[in-house]
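Work through these exercises with the model open. Try each task before you read its solution.

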Amino acid sequence: MPIKMSKRFSLILVALLLGGLLKAQSFQNYFADTIQRLNIEAQASYFYGSNGVSNKFINHFITGDRIEKEDKDEAYKNLKSNNIFGADLNFSLNTEIPFDTLFGKSNMSLVVGVEMVEHADIKFTDDLFKLAFDGNKQFAGTYAQLGGTNINYFNYQQFNVGYIKYKKQHGKVAREGVKLSIIKAQEHIAITVPRGKLYTEQYGRDIDLDANYIYNSSDTLNKGLGAFNGYGVSTDLFSEFYLKNKDKITVQVNDLGFIQWNKKSIQMEADTVFSYDGVDIDNVFDLNDSLVADISQDSLLNLVTTDKSKGGYSIALPTLINVFYTKQLNAKIKIDIGAQYKILANYIPLVYTNIYYYFNPTFVAQTHISYGGYGLFNTGIVVAKSFKNKYQCYLGSNNVLAYFVPQSTYSSSTFVGLKMYF
């Protein structure tokens with residue numbers, strides 16, 4: 001018995017030491033766990049999407065490829081007065097440890113793990129997009145509307161601890177769980193522009209900016225994976241409910257919490273009208289350092305900033321709420337119908353359906369159809385395989401068309417996971 005216990009706790013230790021690797025894009029439901037078993041699960045996922053900018057344009061921007069005029073013109077045609085963009089990159093490693101090992105409980109498990117989370121979401125006007133990629137010449141004699149812009153980016157790591165409880169309902173085994181996370185905050189940038197417009201004089205002789213904005217940032221001198229610029233807590237919850245007809249309802253809440261950024265964080269505010277008519281140059285052959293400093297990015301930013309300070313501040317995390325209904329049609333086909341929403345994240349409510357086909361008890365393919373989120377219409381494919389009741393793995397995308405017709409699709413994603421039982 002001591003040897004068996006030693007092996008189990010060695011596996012737990014390995015899982016904790018390997019932490020920081022692989023949060024799945026959605027609640028995975030390929031092979032149901034109905035009994036307590038010691039297991040380690042690694043997951044990785046990325047997603048990005050927009051309701052107005054195609055994957056082709058986004059791919060060129062991310063990779064640094066040249067963006068042709070035709071690409072920009074096509075993007076401009078699809079833009080609305082208000083547009084959104086969102087992206088997530090997640091890695092997690094979690095271990096489930098049966099309580100019968102620790103406390104003799106036969107229906108509960110301890111869950112411990114680590115995660116790395118990176119998120120960005122942006123709400124922007126079509127004029128801001130055009131201004132960023134083609135300058136202000138196109139707005140000669142008119143205003144470029146910037147108001148309503150909102151940008152939020154953060155990056156953090158967290159340690160998780162929680163439990164999963166197994167319960168019997170109408171002859172089925174359902175699960176529910178709670179996970180509390182302690183967050184090490186790495187980086188944050190947030191810009192809110194309630195009011196903003198930029199006027200360019202017809203012949204380009206001067207520019208007028210009427211703006212009201214707030215800019216927050218974590219310590220700009222402390223960056224990278226080792227940066228500790230704040231702390232926070234969050235909670236994940238989920239519960240499964242079986243009905244009398246054996247159908248199931250699942251409710252999931254992720255990332256309900258906040259981050260407190262430290263006293264070295266920066267806040268800038270402005271509510272001003274600023275006019276810029278260039279700089280006077282007496283001699284083009286005598287461009288000294290002071291002149292260059294006068295037109296630097298930082299100096300221009302200071303000119304339009306009415307208040308600048310350092311100090312801590314708090315942010316609420318974007319919280320995901322996901323509810324879906326599962327119906328087992330027969331031994332081979334299962335269907336999910338659900339909806340999810342991400343609070344405080346410039347997110348459009350997303351509705352979806354998943355259709356699972358089990359070729360046999362150990363191999364399943366899933367098709368995905370959805371609308372909303374950060375993109376528009378989405379289709380996906382996932383394959384999952386179980387090996388000798390010891391391993392489970394899955395690979396898929398909820399936006400598979402992004403790889404074939406990037407010019408006419410607006411979201412891209414891939415996720416992968418591996419679960420090992422002992």
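**Exercise 1.** Find which residues Ile67 is in contact with, leaving aside its neighbours within four places in sequence.

*Solution.* Contact means heavy atoms within 4.5 Å. Skip the neighbours within four places, and the partners of Ile67 are Phe57, His60, Phe61, Lys72 and Phe133.

This is a predicted model: local features need pLDDT of at least 70, side-chain atom pairs count only at pLDDT 80 or more, and totals for chains, interfaces and linings use all residues. Residues are numbered from 1 along each chain as its sequence is written, and side-chain values use heavy atoms, with hydrogens and water left out.

**Exercise 2.** Place Ile67 in the largest nonpolar core, and name the elements that each supply at least two residues of this core.

*Solution.* Start with the term. A nonpolar core is a set of buried Ala, Val, Leu, Ile, Met, Phe, Trp, Tyr and Cys residues joined through side-chain atoms within 4.5 Å. Buried means under 20% relative accessible area (1.4 Å probe, protein chains only). The largest core has 12 residues, including Ile67, Phe57, Phe85 and Phe129. α2, α3 and β2 each supply at least two residues of this core. Apart from it lies another core of 10 residues, among them Phe154 and Tyr313.

**Exercise 3.** Which residues of helix α5 are buried, and what do they pack against?

*Solution.* Helices (H or I, at least four residues) and strands (E, at least two) are DSSP runs, numbered from the N terminus. α5 covers residues 126-134. Its buried residues are Asp126, Asp127, Phe129, Lys130 and Leu131. They pack against α2, α3, β2, β3, β4 and β6. After α5 comes Gly135, with a positive phi near 75°.

Note on methods:
Buried < 20%, exposed > 50% of the residue type's maximum accessible area, 1.4 Å probe, protein only.
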